[in-house]
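Please work through the exercises below with the sequence and the structure at hand, trying each task before reading its solution.

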Amino acid sequence: MAAISAVILPSPAIAAPEPSAKLVRCGAENCLRVSGYRENAAATVMVNGYVVPVEGARKWAVNLPLDTVREWSAPHARTIEVSLQEPDAVEAQNAKVRLPIGLLGDVTLLASLVISAG
């Protein structure tokens, strides 16, 4: 009888998805919903260096009012920095997260707009 042996190869590590940001309604105003994944539910989540209280354990999310995002960000910023700080780690894990296009841009008010055919 022939012996059958199987070789079990280790599967490649699956990287945790990068944090993301999208514009959402929260009550009467707009908010930036930042969400992500952390291996350790005790890890602290920071946005642009500010500790934020998140909902969820490993899969987390936080809604930030746009005024707060503007206050914490550079003018015309296109990204925010999301950091995860493990309780015993010396350094945080940082990720740059793209903001929705034009989120922190200036609003130009037009007194009038002339459109001509021709």
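**Exercise 1: Strand pairing**

In strand 7, Ala95 is the bridge partner of Val82, a pairing taken, like everything here, from a predicted model.

Task: Find how many bridges join strand 6 to strand 7, and in which sense the two strands run.

Solution: Begin with the pair Val82 and Ala95, and then extend the search along strand 7, residues 93–98, where six bridges to strand 6 are found and the strands run antiparallel.

**Exercise 2: The partners of strand 3**

Task: Determine which residues of strand 6 stand opposite Thr44 and Val45, and what follows strand 3 in the hairpin.

Solution: First, Thr44 stands opposite Gln85, while Val45 faces Leu84 in strand 6; these strands, residues 44–47 and residues 79–85, are antiparallel and joined by four bridges. Next, strand 3 also pairs with strand 4, residues 50–51, over two bridges in the antiparallel sense, with Met46 opposite Val51. Finally, two residues lie between strand 3 and strand 4 in the hairpin, and Asn48 in this turn has a positive phi of about 50°.

**Exercise 3: Burial and a pocket**

Task: Decide whether strand 6 is mostly covered or uncovered, and describe the lining of the second largest pocket by class.

Solution: Taking under 20% relative accessible area as buried, five of the seven residues of strand 6 are buried, so that the strand is mostly covered. The second largest pocket holds about 180 Å³ of space, and its lining residues include His76, Arg78, Arg98 and Pro100. Sorted by class, the lining comprises six nonpolar, three polar and two charged residues.

How values were computed: Residues numbered from 1 in each chain as written. Predicted model: local features only at pLDDT ≥ 70, side-chain atom pairs only at ≥ 80, totals over all residues. Heavy atoms only, no water. 1 Å grid on protein atoms, 1.4 Å probe; cavity = no way out; pocket = protein on both sides within 12 Å on 5 of 7 lines; lining within 4 Å. Points joined across faces, edges and corners; volume = space filled by probe spheres on them. Nonpolar A, V, L, I, M, F, W, Y, C, P; charged D, E, K, R; others polar. Pairing = 2+ DSSP bridges. Buried < 20%, exposed > 50% of the residue type's maximum accessible area, 1.4 Å probe, protein only.
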